Amino acid sequence: MSMRIGYGYDSHEFKAGVPLVIGGVKLEHTHGLAGHSDGDVLLHAITDALLGAVAAGDIGSFFPPSDPRWKGADSAVFLAEAMRQIEAAGYRVVNLDTTMILAAPKIVPHAERLRARVAELLGIERSCVGIKAKTPEGTGTDNAAIAHAVVLLESIPLESMLEEAAVAVGVEDEQVSSVIEGGGNGRH
Ligand code: MG
């Protein structure tokens, strides 16, 4: 089994009068995050971590900020593309850890909602999603939200790839098992 690690980073400036969306969850706050999309700094960092793990580029190479299609976009769309990329490369997510740095709002009261949403988007258990936040002590970045993400991937076992393919074409389970046990058609 092969494993890959990925790292992502992002920052967005706070802006008055726009909704605050972090980790796919809308949070009550006086300011939101400026950006071409919904400004979801956490999902952007996670998207880059996933893409980085399979060396597939970064969020900007798939969704250029110059493209008007992504104006105000739900960042879950970006994450879904990154998930497609890792699956196409033959990997799935083991676990994710994140740290945000922001002066306000406090993340702890919302952390469980964020974990649940991010776990759903990545198709993993909530216990495999770390959501942490710190205040920007001494960094002078009170007007920004910053996010770091690291993700661990493992290669999808051949058996589960065959099972999925079998379901897709409507082949019976026993036939798949016999192929796995028989080691294919024996000509190799
Ligand atoms: Mg961003």
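A residue counts as buried when its relative accessible area is under 20%, as exposed when that area is over 50%, and as partly exposed in between. Keep these cut-offs at hand for the tour, which runs through a predicted model.

**Stop 1: Ser75**

Select Ser75, in the loop between helix H2 (59-62) and helix H3 (76-88). Is Ser75 buried or exposed? Its relative accessibility is 0%, so Ser75 counts as buried. Now show what surrounds it. Leaving aside neighbours within four places in sequence, Ser75 is in contact with Ser37, Asp38, Asp40, Leu43 and His44. Two residues from this list, Asp40 and His44, have stops of their own below.

**Stop 2: Asp40**

Move to Asp40, which sits in the loop between strand S4 (31-33) and helix H1 (41-53). Asp40 is buried, yet it has no salt bridge. Which side chain of opposite charge is nearest to Asp40? It is Arg117, 7.8 Å away. A salt bridge requires a side-chain nitrogen of Lys or Arg within 4 Å of a carboxyl oxygen of Asp or Glu, so a pair at a distance beyond that cut-off does not qualify.

What the side chain of Asp40 does reach is the backbone nitrogen of Leu43, at 3.1 Å. Not counting residues up to four places away in sequence, Asp40 touches Val21, Ile22, Gly23, Gly24 and Ser75.

**Stop 3: the magnesium ion**

Next, select the magnesium ion. Which residues coordinate the magnesium ion? They are Asp10 through OD, His12 through NE2 and His44 through ND1, at 2.1 to 2.3 Å. Along the chain, these donors follow the spacing D-x1-H-x31-H. His12 and His44 link distant parts of the chain: His12 is in strand S1 (residues 3-16), His44 is in helix H1, and the two are 32 residues apart.

Colour both histidines by accessibility. His12 counts as buried because its relative accessibility is 12%. His44 also counts as buried, at 6% relative accessibility.

**Stop 4: Lys15**

Stay on strand S1 and select Lys15. With a relative accessible area of 44%, Lys15 is partly exposed. Draw a distance from its C-alpha atom to that of Ala34: the two atoms are separated by 5.6 Å, although the residues are 19 apart along the chain. Lys15 is in contact with His31, Gly32 and Ala34, leaving aside its neighbours within four places in sequence.

**Stop 5: two backbone details**

Most residues other than glycine have a negative phi, and most peptide bonds are trans. The next two selections depart from this.

Ala55 lies in the loop between H1 and H2. Ala55 is not a glycine, but its phi is positive, about 50°. At 64% relative accessibility, Ala55 counts as exposed.

Then go to Pro105, in the loop between strand S5 (91-101) and helix H4 (111-122). The peptide bond from Ala104 to Pro105 is cis, with omega near -5°.

**Stop 6: salt bridges**

How many salt bridges does the structure hold? There are 7.

Select Arg92 and Glu154 as one of the pairs; their closest N and O atoms are 2.9 Å apart. This pair joins distant parts of the chain, with Arg92 in strand S5 and Glu154 in strand S7 (residues 144-155), 62 residues apart. Arg92 is partly exposed, with a relative accessible area of 34%, whereas Glu154 counts as buried at 16%.

Another salt bridge runs from Lys132 to Asp97, with the closest N and O atoms 2.8 Å apart. Lys132 is in strand S6 (residues 129-134) and Asp97 is in strand S5, 35 residues apart. Lys132 counts as partly exposed at 36% relative accessibility, and Asp97 as partly exposed at 30%.

Now return to Arg117, the residue named at the Asp40 stop. The side chains of Arg117 and Glu120 meet in a salt bridge, 3.0 Å from N to O. Both residues are in helix H4, and because they are 3 residues apart there, about one helical turn separates them. Arg117 counts as partly exposed at 25% relative accessibility, while Glu120 is exposed, with a relative accessible area of 56%.

Finish this stop with Glu112, Arg115 and Arg126, which are linked in a network of salt bridges.

**Stop 7: the whole chain**

Zoom out. The domain assignment gives domain 1 (3-155) and domain 2 (157-188). How far apart are the C-alpha centres of domain 1 and domain 2? They lie 36 Å apart.

Definitions and conventions: Residues are numbered from 1 along each chain as its sequence is written. This is a predicted model: local features need pLDDT of at least 70, side-chain atom pairs count only at pLDDT 80 or more; totals for chains, interfaces and linings use all residues. Side-chain values use heavy atoms; hydrogens and water are left out. Helices (H or I, at least four residues) and strands (E, at least two) are DSSP runs, numbered from the N terminus. Buried means under 20% relative accessible area, exposed over 50%, partly exposed in between (1.4 Å probe, protein chains only). Lys and Arg count as positive and Asp and Glu as negative; His and the chain ends are not counted. A polar contact is a pair of N or O atoms within 3.5 Å; within protein, one must be able to donate a hydrogen and the other to accept it, and residues adjacent in sequence count only if both atoms are side-chain atoms. Contact means heavy atoms within 4.5 Å. Donors are N, O and S atoms within 2.8 Å of the metal (3.2 Å for Na, K and Ca); water is not among the atoms, so sites may look incomplete. Domain bounds come from an automatic or database domain assignment.
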